[in-house]
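This report introduces a single protein structure to a reader who has not met it before. The sequence and the coordinates should be kept in view while reading.

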Amino acid sequence: MKLQKRIVEKVNELKTQKENIKELVNKGDLKSAKFKLERYKCEISYDIDIYSIEATILICEGKLYDAKSILEKGLKLKPFNFDLNYNLAYVYRLESSILISLDYYLNAVRCANNSQEKDLIIDVLKQITCDSNIINSLGKDYMLFKDKLHKIINYRAEHDNRHFPITENNELLISTAIFKDERGGYYSNYYRSEELLNYPTSLWKIFKNEILYGKKIRRKVELEIKENSIIPISTTSFDTKLKLKVNDEEYKIEKLIPNRFSYFSIDKNSKVSINSNKTFILGQSLNKEDKNKIKLVLPIFIDGLSQSVIEGKNFRKLMPNTYEFFKEGTKFTNYYTNGEWTLPAVANIFTGKYTTNHKLFNPRINYDIGRETPLLSEQFKNQGYFTFQACGDWRKSPLYGYAKGFNRTIYQSAAWSKMGCEEVICEAVEQLRAFKDRSHFMWLSIFELHHACDDIFYKISSQINNSLFSKTITHDENKSVDRGFDERRIEKYVNELQRVDLYLGFLYGFIEKTYKDDEIMVMILSDHGQGFLDKNKELLKESRIKVPFMIKGRNIPAGYCDEIMESVDVYPTLLRLCDIEFTEELDGKLPKYFKGEGEKKFSYTESIYPEKTYKASINDKEHNFMFESKYLVDNDGRFDISDCFFRLISKKTGETETELYLDKVEEYLDIIFEHTKEYIKI
């Protein structure tokens, strides 16, 4: 392809230019280096290496503050880049900020792509420990220095966010704030399990957590409650004694079970003072009423649900309750996920951005989303909705950022425990009954379909309904995305889907009895299908990336829509349908079906997974364009474009038509190169 050849030639030319600039820096010819760097920036401003080169020049000029500023800007764009973290560590070391320097050396170790980069850091640490001036300057911070040093030298793997609420020090995140700001933070506590005041960290999988936004109070606080409200309070020790004064009435509250939120109802126009003999957590007050027209915005997220399974008559057969509920709603038949698995795909929904822009793609390096753009949950919270989630999805752990924007979260990893769909639905009904006069944005995560792939233990009805043949699956070390066609897993998958629909029927019944159709916005959506559903071995095949999206509620017509829609479109679509204005720049668009500017011509799905090849799939109504790099993705998401594979496949015949539609192939290659330009290694 001419375009591919031009891109590769251009990249090689730029590589030569960049190496020349680096050589000038190494020779000390900073004037020439700066001149050529400015010309290089004009030509390709998005190359992340520019930040490291510019910082190196500034360091040579003794401008450490400016160098630090440049590197910090670069890290906002590529937080997992080794050079940026390593160079920022070096700047802090030059400033004699050794403890901060070690933090960035630790980041660099996390982001290292090979043993050479790790060895480079170890050599630097040896120099630091042999420097008596540094050691003598540490004083009382010496033990902290040793702890950080030990963590870097003995680094194996970062603590897994899926293990919430366990910390890297094997402690429980109980009565502890995550994602703090100047007003407070999201506090994690036990949920229910009243029989235990505490439990060993080894049992963390067994119990649920409740997360609320609030702040720690030392002994006393005074509040003015203007609306009928609920005040959540959590004590941190059993011997805490509270005096709650509401106007002129005083109430003594003792023997609250610690490390759990208790809720207190307060009438409007009340002056409240709370006195305690111990520190306690005061949750953000929760109004009982609001005036939003839509009373329930409910995304029901079913992890791993493929559109191919419920296509045509199968929808009514396998999910009769869902079929009946959404009969008066809209079903999108060409809805594609933007990511191949849960970690990036759910973030596409919550940010309205492609994986290249939200940056949550590396499973080995922790990162929280919503740093640049408010999450979908935050948008609804800002509009006065009570935001609630019941979630058992291990790749939607609160530590990935999904606590943010929710007034209340109930979380327990269903993959390792019992947060099944029945409990998720019960928690939803409890929430709606407790705050019956509030409008709700409620996200429910259902994980059961993953059980068929991960061979997780089933409830009794599923065990009995599954045949002996389905139980003959041998242990498979491959991740779920890599598992091929398997009729036994398909049987389990279908049975589990029917069980999920049974419990969803209870929820639909409650909604229909409680709300009018113009008071709701209910939807079913998913993040990916399954690899074992057909014999196609492509990672980004249609049965994996084409997923359901259906919606019912105010001003939603009944019928089917074949317009192409993507995960990133959910964010702007939900906000527009709920009359919520937003100014953020998003990758997602409002479909023409809902009075958007025009139909999308294609969808874009990508796989950015370190130590695997970069893959992209572009789907229009006639063709699927598959693209794959030859070389592996680095930890910061970048990959070498020198060689790549691609083909254009007819959806009608399944035949390769690359040579028949060269113009389309060139167009889609151009789209991929433009989309990934900041991720191409130069």
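The sections below take up selected parts of this predicted model in turn.

## Helix α15 and its surroundings

Helix α15 is made up of 14 residues, 421-434. At 1.5 Å a residue these should span 20 Å, and the C-alpha atoms at the two ends are indeed 20 Å apart, so the length agrees with expectation.

Many positions along this helix are buried: Cys 421, Glu 422, Val 424, Ile 425, Glu 427, Ala 428, Val 429, Gln 431 and Leu 432. An α-helix has 3.6 residues a turn, so residues three or four places apart point the same way. The cover over the buried residues of α15 includes four strands, namely β12 (296-302), β14 (386-391), β15 (408-411) and β16 (440-446), together with helix α18 (487-514).

## His 440 in strand β16

Strand β16, which is part of the cover over α15, contains His 440. Is His 440 buried or exposed? With a relative accessibility of 0%, His 440 counts as buried, because the limit for that class is under 20%.

The side chain of His 440 comes to 2.9 Å from the backbone oxygen of Phe 435. Beyond the residues up to four places away in sequence, His 440 touches Lys 295, Leu 296, Val 297, Tyr 385, Phe 386, Gln 431, Leu 432, Phe 435 and Tyr 515. Two of the residues in that list, Gln 431 and Leu 432, are also among the buried residues of α15.

## Asn 334 in strand β13

Asn 334 belongs to strand β13, which covers residues 330-336. The relative accessible area of Asn 334 is 12%, and this residue is therefore buried.

Which side chain does the side chain of Asn 334 meet in a polar contact? The partner is the side chain of Lys 546, at 3.3 Å. When residues up to four places away in sequence are not counted, Asn 334 touches Lys 546, Cys 561, Asp 562, Glu 563, Ile 564, Met 565 and Lys 621.

## Val 25 in helix α1

Helix α1 runs over residues 2-27 and includes Val 25. Val 25 is buried, since its relative accessible area is 11%. Apart from neighbours within four places in sequence, Val 25 is in contact with Leu 30, Ala 33, Thr 56 and Ile 57.

A separation along the chain can also be set beside a separation in space. Val 25 and Ile 682 are 657 residues apart along the chain, and their C-alpha atoms are separated by 18 Å.

## The largest pocket

The largest pocket holds about 1,000 Å³ of space. Its lining is formed by 33 residues, and Asn 107, Arg 110, Glu 158, Glu 168 and Asn 366 lie nearest the centre. By class, the lining of this pocket has 14 nonpolar, 9 polar and 10 charged residues.

Which element gives the most to the lining of the largest pocket? That element is α6, with 5 residues. At least two lining residues come from each of α4 (64-77), α6 (98-111), α9 (142-153) and β1 (176-178).

## Enclosed cavities

The model has 4 cavities of 30 Å³ or more. The largest cavity has a volume of about 110 Å³. It is lined by 13 residues, of which Asn 357, His 358, Gly 370, Arg 371 and Glu 372 lie nearest its centre. The lining of the largest cavity divides into 2 nonpolar, 5 polar and 6 charged residues.

## Backbone features in loops

Most residues other than glycine have a negative phi, and most peptide bonds are trans. The loop between α9 and β1 holds Pro 165 as well as Ser 175. The peptide bond from Phe 164 to Pro 165 is cis, with omega near 10 degrees. Ser 175, a residue other than glycine, has a positive phi near 55 degrees. At 7% relative accessibility, Ser 175 counts as buried.

Asn 259 lies in another stretch, the loop between β7 (249-254) and β8 (262-266). Although Asn 259 is not a glycine, its phi is positive, at about 60 degrees. Asn 259 counts as buried, because its relative accessibility is 13%.

Technical notes:
Residues are numbered from 1 along each chain as its sequence is written. This is a predicted model: local features need pLDDT of at least 70, side-chain atom pairs count only at pLDDT 80 or more; totals for chains, interfaces and linings use all residues. Side-chain values use heavy atoms; hydrogens and water are left out. The expected span of a helix is 1.5 Å times one less than its number of residues. Buried means under 20% relative accessible area, exposed over 50%, partly exposed in between (1.4 Å probe, protein chains only). Contact means heavy atoms within 4.5 Å. A polar contact is a pair of N or O atoms within 3.5 Å; within protein, one must be able to donate a hydrogen and the other to accept it, and residues adjacent in sequence count only if both atoms are side-chain atoms. On a 1 Å grid over the protein atoms alone, a cavity is a set of points where a 1.4 Å probe fits but cannot get out, and a pocket is an open set with protein on both sides within 12 Å along at least five of seven lines; lining residues have an atom within 4 Å of a point. Grid points are joined across faces, edges and corners, and a volume is the space filled by probe spheres set on the points. Ala, Val, Leu, Ile, Met, Phe, Trp, Tyr, Cys and Pro count as nonpolar, Asp, Glu, Lys and Arg as charged, and the others, Gly among them, as polar.
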